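User: Hi! Could you walk me through a protein I have open on my screen?
Analyst: Happy to, just show me what you have.

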Amino acid sequence: MTQCKCEHWQQCPVCMPHRFDAEGKLLPPEPTPLQAARTRIAELERQQAVLVEALEEARDEVVGWAAYASEYFQQKHNLKGYVEKLDATLASVKGNAEITGSPSGLSG
Ligand SMILES: [Zn+2]
């Protein structure tokens with residue numbers, strides 16, 4: 001095993017080669033688990049907002065296009081129930097987004 005002369009708190013290319021790039025320059029600090037988690041949460045919230053918007057749009061398209069179907073087929077395929085299910089999903093997901101989105105939401 002290769003030994004180096006650095007102190008335990010230092011980062012040198014010998015004892016921590018993964019912290020250096022090909023040219024031997026020290027890489028930027030790795031995020032702490034908390035920083036990594038915050039970054040991940042922000043990314044997931046962004047993705048969730050995109051998905052919620054897409055689902056809202058799809059829901060409105062379903063309602064709009066289903067209006068061309070006769071009352072018989074709207075009832076046969078339970079359009080009302082399907083739209084209610086979509087609305088319940090949207091309400092549930094948007095409720096969660098509001099709670100994680102603002103710290104004050106946690107108290108309510
Ligand atoms: Zn070292």
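Analyst: Let's go from the overall layout down to a few single residues.

User: Great. What kind of model is this?
Analyst: It is a predicted model. The average pLDDT of the protein is 86, and 86% of the residues score at least 70.

User: And where does pLDDT stay under 50?
Analyst: That happens over residues 101-108, for which the model has 4 contacts beyond four places in sequence. Where pLDDT is low, the predicted coordinates should not be read in detail.

User: Okay, on to the fold. How many helices and strands are there?
Analyst: The protein has 3 helices and 0 strands. Reading from the N terminus, the order is α-α-α.

User: What share of the residues is buried?
Analyst: Buried residues come to 0% of the 108 in the protein. To count as buried, a residue needs 20 or more other C-beta atoms within 10 Å of its own.

User: And what about contacts between parts that are far apart in sequence?
Analyst: Take the contacts with a separation of 6 or more: 39% of them are between residues 24 or more positions apart.

User: Tell me about α1. How many residues does it have?
Analyst: Helix α1 has 34 residues, running from 33 to 66. From its first C-alpha to its last it reaches 48 Å, which is close to the 50 Å expected at 1.5 Å a residue.

User: Is α1 largely in the open or buried, and why?
Analyst: Helix α1 lies largely in the open, because the number of buried residues among its 34 is 0.

User: Can you pick some residues in it?
Analyst: Sure, let's try Gln48, which lies in helix α1. Gln48 counts as partly exposed because it has 16 C-beta neighbours inside 10 Å.

User: How far is Gln48 from Val93 in space?
Analyst: They are 8.4 Å apart, C-alpha to C-alpha, although 45 residues separate them in sequence. Ala49 also has its place in helix α1, and its C-alpha is 8.6 Å from that of Lys94, 45 residues away along the chain. With 14 C-beta neighbours inside 10 Å, Ala49 is partly exposed.

User: Any others in α1?
Analyst: Val62 is in helix α1 as well. Val62 has 14 other C-beta atoms within 10 Å, so it is partly exposed. The C-alpha atoms of Val62 and Leu79 are 8.7 Å apart, with their positions 17 residues apart along the chain.

User: Switching topic: where does Asn78 lie?
Analyst: Asn78 is in the loop between α2 (71-76) and α3 (79-101). Asn78 counts as exposed, because it has 11 C-beta neighbours inside 10 Å.

User: What is the phi of Asn78?
Analyst: Phi is near 50° there, a positive value in a residue other than glycine. For context, most residues other than glycine have a negative phi.

Technical notes: Residues are numbered from 1 along each chain as its sequence is written. This is a predicted model: local features need pLDDT of at least 70, side-chain atom pairs count only at pLDDT 80 or more; totals for chains, interfaces and linings use all residues. Helices (H or I, at least four residues) and strands (E, at least two) are DSSP runs, numbered from the N terminus. A residue is buried if 20 or more other C-beta atoms lie within 10 Å of its own, exposed if 12 or fewer, and partly exposed in between; C-beta atoms are placed from the backbone. Two residues are in contact if their C-beta atoms, placed from the backbone, lie within 7 Å. The expected span of a helix is 1.5 Å times one less than its number of residues. pLDDT is the predictor's confidence in each residue, from 0 to 100.
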